[in-house]
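Trainee: I would like to learn how to read a model like this one. Could we go through it feature by feature?

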Amino acid sequence: MVRKYIIILSIILISGCSLFQDNIAEGWKAFENGDYEKARDCFSKETILNANLEAYVGLGWSNAKLGNKESALSSFEYVILEDSINYIDAISGAVFAGSAMCMDSTSAIRGTYFLSKYPNYVFEHDTTATFKQVAFTSACSYVNIGDFSSALLMIKIIEPGFNAIPENEQGKLDILLKIEEISQWI
Amino acid sequence: MTLQIILLDYNKYMRYITRITLFVLLLMSFNVLNGQKYIIGGKYEDIKRLDVKILRSSRYNFSLVESNCNNLKKLLKEGNIQYFEPVAKAKAFFIPNDFYYSHQWNFNMLGMEDVWDLTMGVDSVKVSILDTGVGFEYYQIPSYEQSEVISGDGHYHKADDLNSATFLSGYDYIHNDLHPNDQNGHGTHIAGTIAQSTNNGIGVAGMAPNVSIIPIQVLDYQGEGNSYSIAEGIYYACDQGANVINMSLGGAPGDSNGWHTVHNAIIHACSLNIAVVVASGNDKVGKLSYPAAFKEVFSCGAVRSNQQKTSYSQYGSGLDFVMPGGEDSNKILQETFRGFYDGHYSRVDSFAYYYYYGTSMATPHLAAAIALLKSYGIINLDEIYGRLAYYAIDKGENGYDTLYGFGIPNILNALNSTYSDNTPPVFNIYLAENPIFNGNINVWTATNEELQNGMPDSVKVKRGSEIQKYTPTIISHNIYKSSFSFNTDGEYEISVYARDIWGNYSTSTKLFNLFYIPIKTEKNIGMDTYQFLFSKNTFPNECVIQIYCNKDGFDIEMPKTINTPVRLNIKLNNICLIGPNDQPVPYGLDKGVKLYNIEHNGYYRVVWNIKTYNIDKGIILESYEPLNGILSIYSLDGRLVKSSKLTNRKRVCINSISSGVYFIKLKTKGMQLKRKVSIW
């Protein structure tokens, strides 16, 4: 009798694992194919079935792609709170979402921290989100809080040859112009 | 037995009573039961019905009460009070000393001898000094003030060298009487800088000796006060018809907590065209104290005799000007009590000349300068600010900076010039979109001069017939930000409206396109032919698309190896495909469809064929491909402004066009482009 229960339990666990693997894998596949709604559904299911942090990362990024900045930030913040070491895509996502939410101080500081740890970052599931986009977003946030010196450091990550004097008015305008220029291709 | 029970019970109760008493005493020590002092906004009639202890009530609809925070939060939530805030502490910004020197280098620095040739002020201009009072009258010291000062004959005395100064009715908000006599020495020193009797053969001079002074005591004999009294003092000055208010006082650097009522009073004063002049503070840090940090005031820092910033002067965003405040061996000389407040009491019956230093001493120089301008008929606050800023002796970095503000005002030039600026402000608008969250746009506006109210009047965003209005916020001197969030693609027009401090009106416009889901791929067009269909016919100025190819077709996201050259068809005019070598990709035309041969992996950019850049009074057009055709510029009402024929031109410069918004039309073989541009 006991053996029977062990077998049933094992089946449940194995199928559970398989389900977990399927939702995550399917979610990322849909995400990479640009089907963000399907990706969101997969990740969302997974967060209900298992409190899996990668599912929250996927959920955050799917929501980001769908323009749901509040939901995206909320997922990223949850992951960062639980484990900010192993899920770095949540930090990069939080930089973008935080900036979109006008939480510029947090976004700028988080971006600086992130780039100091992962200077060559590329988001595995969307190669248009790299350290350059993180640096650009942080630069915008730094400008928004009036810190042009830090904004310049961020721009230099994208264009090392660029220079300006952030202390004077012309330098600040140079930085704004450069940000606008980068915005058109980044 | 019964007695024993009673005694046991008594002991038991006593234990509880002792514990409760100790607990209550502990609570009282934390002010939990006692309550703390708060200012609450609202009419006295309404407030007196509430469960709060009213300590004082102002006829300007705010009251000083004792209550606890939770109770006030509840009253606020129920709508019984307009707001509440803790009473902020304030102190005078002065550093008294006992050195004595006989000349006023500060007036030499400001060129006062030349200024006095034009004006020494008029008595119809009233300067209100909110301070520790002023030694302005011979008056018996009331019993309730006798413990605060010392006098040989039991009277307050008038400072000898304020003999010819005109004093109007003042008020003492510390003791609630009509006799704001100085109890400290600080206020009398400040009054002297503004209106000391001049050219009378004794003592020292004042900057504007003919103006009238309204003394208002808001700081006590120790030079301390609170935001309640200061707010009352400002309103009183307004009621008395003051033209200038001098406040050489403030709170901790950068701490706005408790200054809301004072801010309201300052806004009220400014609405009456009263200049409120406030010391930046003496705490050496890069943040102004409040109320100096309020944008409505003229904030004033201090410089030494060599025109360099003093070590103590607070600086930072919002600092307007610097004036002589003195330091080390060069301080500000004025008359005040012989035995000024030294930690105990002031002697209020005898005066002498003393050197003080501090932003407290710098501020009356600015207040007096403004009083002189007002005496000379320059009464509008914006104009006064503009003149002082425009003619300031620039210190520190070129132009405005946060250490010196606009610099040291040149009073003579500010008075004497027929200066008026008819040039409207010029704007540059910068845009940046969040790279992940499409439609979240940062807009930064930079101007070349000071704006009325310290920022643009509005920023409007127009899409079709929809107009949304935004209020920008300042992020740096003359740079403002606004953030937008849009979820509909299309062409947007951002317009910034602003007036400079002279009232010149200007608007500037910038167009941008939001471009969602820029392309989708279709693969089964035919052998080795793949077509990119653009879902919308609008583009941003430049849109980066990463194109990878393989024998199975295009993929715009994942890199793959190219095996077979493929062809790209683009069904839109006015765009150009830039290859990985940053050169336009050659194409063929088939019934208006551009056919590109894609042979390499890499970044391909789909861009507008033509880019425009603003230059002074003109515009530059740049094209990736040679242009042949007719270029015409029309005004918004359809009038032809300029026209020229282009032959193999990649770059066209159109200049000598007056500022405004125009349409550019470019007609070439196979395409016609129309674009709206702003020229400034």
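Trainee: How much area does chain B expose, and what share of it do carbon and sulfur atoms supply?

Mentor: This is a predicted model, in which local features need pLDDT of at least 70 and side-chain atom pairs count only at pLDDT 80 or more, while totals for chains, interfaces and linings use all residues. Residues are numbered from 1 along each chain as its sequence is written, chains are lettered from A and ligands numbered from 1 in the order in which they are written, and side-chain values use heavy atoms, with hydrogens and water left out. Accessible areas come from the Shrake-Rupley method with a 1.4 Å probe; for residues, only the protein chains shown count as cover. Chain B exposes about 30100 Å², and carbon and sulfur atoms supply 49% of that.

Trainee: What percentage of the residues in chain B are buried?

Mentor: Buried means under 20% relative accessible area, exposed over 50%, and partly exposed in between (1.4 Å probe, protein chains only). Of the 680 residues in chain B, 54% are buried.

Trainee: How many helices and strands are there in chain B?

Mentor: Both are DSSP runs numbered from the N terminus: helices are H or I with at least four residues, strands E with at least two. Chain B has 11 helices and 43 strands.

Trainee: What is the strand order in the open sheet of four strands in chain B?

Mentor: Two strands pair if DSSP finds at least two bridges between them. The order is β22-β23-β27-β26, with antiparallel pairing. β22 (427-433) and β26 (473-476) of chain B each have a single partner strand, so one side of each lacks a neighbour in the sheet. Seven bridges join β22(B) to β23(B), residues 440-447; Ala432(B) has Asn442(B) as its bridge partner.

Trainee: Which helix packs on this sheet?

Mentor: Contact means heavy atoms within 4.5 Å. Helix α7 (residues 131-144) of chain A touches β22, β23, β26 and β27 (479-485) of chain B.

Trainee: Is α7(B) mostly covered or mostly exposed?

Mentor: Helix α7 of chain B, residues 227-239, is mostly covered, with 12 of its 13 residues buried. Among them are Tyr228(B), Glu232(B) and Cys238(B). Gly241(B), with a positive phi near 80 degrees, follows α7(B).

Trainee: Where is Asn416(B) placed?

Mentor: Asn416(B) lies in helix α11 (residues 411-416) of chain B. Its relative accessible area is 47%, so Asn416(B) counts as partly exposed. Not counting residues up to four places away in sequence, Asn416(B) touches Leu118(B) and Tyr376(B).

Note on methods:
Axes fitted to C-alpha atoms, helices over the stretch in contact; angles between N-to-C directions.
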